[in-house]
Amino acid sequence: MLKLIRVTGDSMHPGLQHGDFVMLWCWGRIKKDDVIVANHPNYGRIIKRVREHHLDNYFLEGDNLVASTSAAKLGSVNRQQIVGKVIWRIKPCRKIYRSKSV
């Protein structure tokens, strides 16, 4: 199954930017360095990178260490809390403003 999720916040900047959309693959194996979406018990739906995993526990971290909650504060999520793995980034159309010629 595929899902489309909108990115909010700057924790994964520059790879993912606020307002981008990501396509998720909701099946399969999750491994180190995958970018995933998870339902975190304290922070709600988050997009983070898997830094390590042990058995069914996944330790996550944002790419932008300044704007992201630390891995120590996030703790781990289990496999059931993972919504899916990011497989595609979709940049939204940005409106281009042109000045009128005089």
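The protein chain averages a pLDDT of 91, and 91% of the residues score at least 70. The structure is a predicted model, and its confidence also varies by element: the mean is lowest in helix H1 (residues 71-74), at 92, and highest in strand S3, at 97.

A good place to start exploring is the interior. In soluble globular proteins, nonpolar side chains tend to be buried together. Here, the largest nonpolar core brings together 12 residues: Ile-5, Val-7, Met-12, Leu-16, Val-22, Leu-24, Cys-26, Val-35, Val-37, Ile-47, Val-83 and Val-86. Strands S2 (21-25), S3 (35-40) and S7 are the elements that each give two or more residues to this core. A second core, separate from that one, has 10 residues, among them Ile-30, Ile-46, Tyr-58 and Val-77.

Leu-16, one of the residues of the largest core, offers a closer view of the packing. Leaving aside residues up to four places away in sequence, Leu-16 touches Val-7, Val-22, Val-35, Ile-47 and Arg-89.

Nonpolar residues also appear on the outside. Met-1, Leu-2, Leu-4, Trp-25, Trp-27, Ile-87, Trp-88 and Ile-90 form a nonpolar patch on the surface, and together they have about 900 Å² of accessible area. Two or more patch residues come from each of strand S1 (2-6) and strand S7 (82-90), with S7 giving the most, at 3 residues.

Ile-90 is a handy example from this patch. Ile-90 lies in strand S7 and has a relative accessible area of 31%, so it counts as partly exposed. Strand S7 therefore gives residues both to the largest core and to the surface patch, as patch members need over 30% relative accessible area whereas core members are buried.

Definitions and conventions:
Residues numbered from 1 in each chain as written. Predicted model: local features only at pLDDT ≥ 70, side-chain atom pairs only at ≥ 80, totals over all residues. Heavy atoms only, no water. Patch = residues over 30% accessible without salt bridge, like charges linked within 9 Å, V, L, I, M, F, W, Y side chains within 5 Å. Areas by Shrake-Rupley, 256 points an atom, 1.4 Å probe, with all protein chains shown as cover. Salt bridge = Lys/Arg side-chain N within 4 Å of Asp/Glu carboxyl O. Helix = DSSP H or I, 4+ residues; strand = E, 2+ residues; numbered from the N terminus. Buried < 20%, exposed > 50% of the residue type's maximum accessible area, 1.4 Å probe, protein only. Core = buried A, V, L, I, M, F, W, Y, C linked by side-chain atoms within 4.5 Å. Contact = heavy atoms within 4.5 Å. pLDDT = per-residue confidence, 0-100.
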